[in-house]
Amino acid sequence: MHCAQYTAGSCRSCQWLDKPYPQQLADKQHHLESLLTRHPVAQWLTPVFGGDSAFRNKAKMVVSGSVERPLLGMLHRDGTAVDLCQCPLYPDSFAPVFTLLKTFIARAGLTPYNVARKRGELKFLLLTESTYSGELMLRFVLRSEAKLAQLQAALPWLQQQLPQLTVISANIQPIHMAILEGDQENPLTEQQALPEMFNQVPLFIRPQSFFQTNPQVAAALYATARQWVGDLAIDSMWDLFCGVGGFGLHCAKPETQLTGIEISTEAIACARQSAQQLGLQNVNFAALDSTRFATAETQVPQLVLVNPPRRGIGAELCDYLAQMAPEFILYSSCNAVTMAKDISQLADYRIERVQLFDMFPHTAHYEVLVLLIKC
């Protein structure tokens, strides 16, 4: 993949861009294998990957410059702005949208936030595209509500230019720190869920719900989880840290008793909408802390699926699972280092299968799926 900003030295977010992609995959696989050397693995499966460019369905753009000439991209620590509207990680459909958004910022009078001066209103633009419908979700991150009415008044022009823009909201983030978003989300369109479809499973993305940024590889990850769980013939499962329910909804059959737990109420609303559309009756999604939910239960299902954030599931949940001993644990991780630490605390489990999924080409990051079976 060629990137003009990388060549110029102005953006080095893709730290491994100079490394041939086959070597990137080999290095990630070697890193994963080195983390699990103390644990016998029955089956290593070939790494899964997709395209190495235009794979992201979401852009997180810092807004800088002036209201007349805004820049969308990133800021270096010294305050230097880099425009990333031509970033090759984004699909071709994003560039004309960015161009229109720059015009809209000027029309709406949304002054970009100046970090050094702590002045201005518009901090970030967050753009997400559905690979299923082509619809767009756009979030404006503002410093305050001062320009909210002004933004709303200008929106009809933008919606006329971009009819695929079906979900719009304004997030309020008043803190002068490198925090992407705040708690307050103001819906600016009646529709507040972007439809997506992976492997004939309907999924929904709401403004404050997490969703994978590499749809092609995410679909393969969910399909693999469904295949592995299907081989086990289970009738009950938990999906902890479930997000919008992608794993559980892929793995659950109509007769499966599925409980999905996620701290985000926005994500749970998405999961419930998907379950209703699928007609699943034996499903319960709840907005709770996954560790607190699990450790309060006295009975566990046959399979516990965990998909934690980068910190892993932690000692408390590991201790609980070791004590309660479900037959199977399916661990999906975005940080193999913390995953390996967690697995080392599950001494009564053996690793049946491991597969790497390269969600993040040109970086050292990757996802991994591991099936653990009670010894």
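Is Arg-139 buried or exposed? In this predicted model, Arg-139 is buried, with a relative accessible area of just 2%. That makes a handy place to start, so let's look at its partners.

Arg-139 sits in strand E6, and one of its partners is Glu-181, in the loop between E7 and E8. Their side chains meet in a salt bridge, at 3.2 Å from N to O. The two residues are 42 apart along the chain, so this pair links distant parts of it. Glu-181 itself is partly exposed, with a relative accessible area of 28%. Arg-139 also forms a salt bridge with Glu-185, where the closest N and O atoms are 2.8 Å apart. Because Glu-185 lies in strand E8 and Arg-139 in strand E6, this pair ties together parts that are 46 residues apart in sequence. Glu-185 counts as buried, at 17% relative accessibility. Put the three together and you get a network of salt bridges linking Arg-139, Glu-181 and Glu-185.Now step back to the sheet around this network. Seven strands form an open sheet in the order E4-E3-E2-E5-E6-E7-E8, with mixed pairing. Its edge strands are E4 (81–83) and E8 (184–187), each of which pairs on one side only. From one strand to the next, the twist averages 35 degrees. Strands E6 (residues 136–142) and E7 (residues 165–172) run parallel and are joined by seven bridges. To find your way along that pairing, start at Val-141, whose bridge partner in E7 is Asn-171.

Two helices are worth adding to the picture. Helix H3 (residues 94–108) lies across E2, E3, E4, E5 and E6, and runs at about 150 degrees to E5. Helix H4 (residues 148–161) packs on the sheet too, touching E6, E7 and E8, and its direction makes about 155 degrees with that of E6.

What about the nonpolar interior? The largest nonpolar core has 45 residues, and the members that touch the most others are Phe-285, Leu-303, Leu-330 and Leu-369. Elements giving two or more residues to this core include strands E9, E10, E14, E15 and E17, along with helices H5, H6 and H7. Helix H5 supplies the largest share, eight residues. For a local view, pick Leu-369: beyond its sequence neighbours up to four places away, Leu-369 touches a set of residues that includes Leu-221, Trp-228, Phe-247, Leu-330 and Phe-357. Another core, of 44 residues, lies apart from this one, and among its members are Leu-17, Leu-89, Leu-136 and Ala-154.

Back to charges for a moment. The whole structure holds nine salt bridges. One of them joins the side chains of Arg-206 and Glu-266, at 3.3 Å from N to O. Arg-206 is in the loop between E10 and H5 while Glu-266 is in helix H7, so the pair ties together parts that are 60 residues apart in sequence. Arg-206 counts as partly exposed at 22% relative accessibility, and Glu-266 counts as buried at 19%.

How many disulfides does the structure have? A search of the whole structure finds zero. Take Cys-14, which is buried with a relative accessible area of 11%. The closest cysteine sulfur to that of Cys-14 is in Cys-87, and at 6.2 Å that is too far for a bond. Cys-318 is in no disulfide either, the nearest cysteine sulfur being that of Cys-334, 15 Å away. Cys-318 is buried as well, at 0% relative accessibility.

Conventions
Residues are numbered from 1 along each chain as its sequence is written. This is a predicted model: local features need pLDDT of at least 70, side-chain atom pairs count only at pLDDT 80 or more; totals for chains, interfaces and linings use all residues. Side-chain values use heavy atoms; hydrogens and water are left out. A nonpolar core is a set of buried Ala, Val, Leu, Ile, Met, Phe, Trp, Tyr and Cys residues joined through side-chain atoms within 4.5 Å. Buried means under 20% relative accessible area, exposed over 50%, partly exposed in between (1.4 Å probe, protein chains only). Helices (H or I, at least four residues) and strands (E, at least two) are DSSP runs, numbered from the N terminus. Contact means heavy atoms within 4.5 Å. Two strands pair if DSSP finds at least two bridges between them. Axes are lines fitted to C-alpha atoms, for helices over the stretch in contact, and angles run from 0 to 180 degrees between N-to-C directions. A disulfide is a pair of cysteine sulfur atoms within 2.5 Å. A salt bridge is a side-chain nitrogen of Lys or Arg within 4 Å of a carboxyl oxygen of Asp or Glu.
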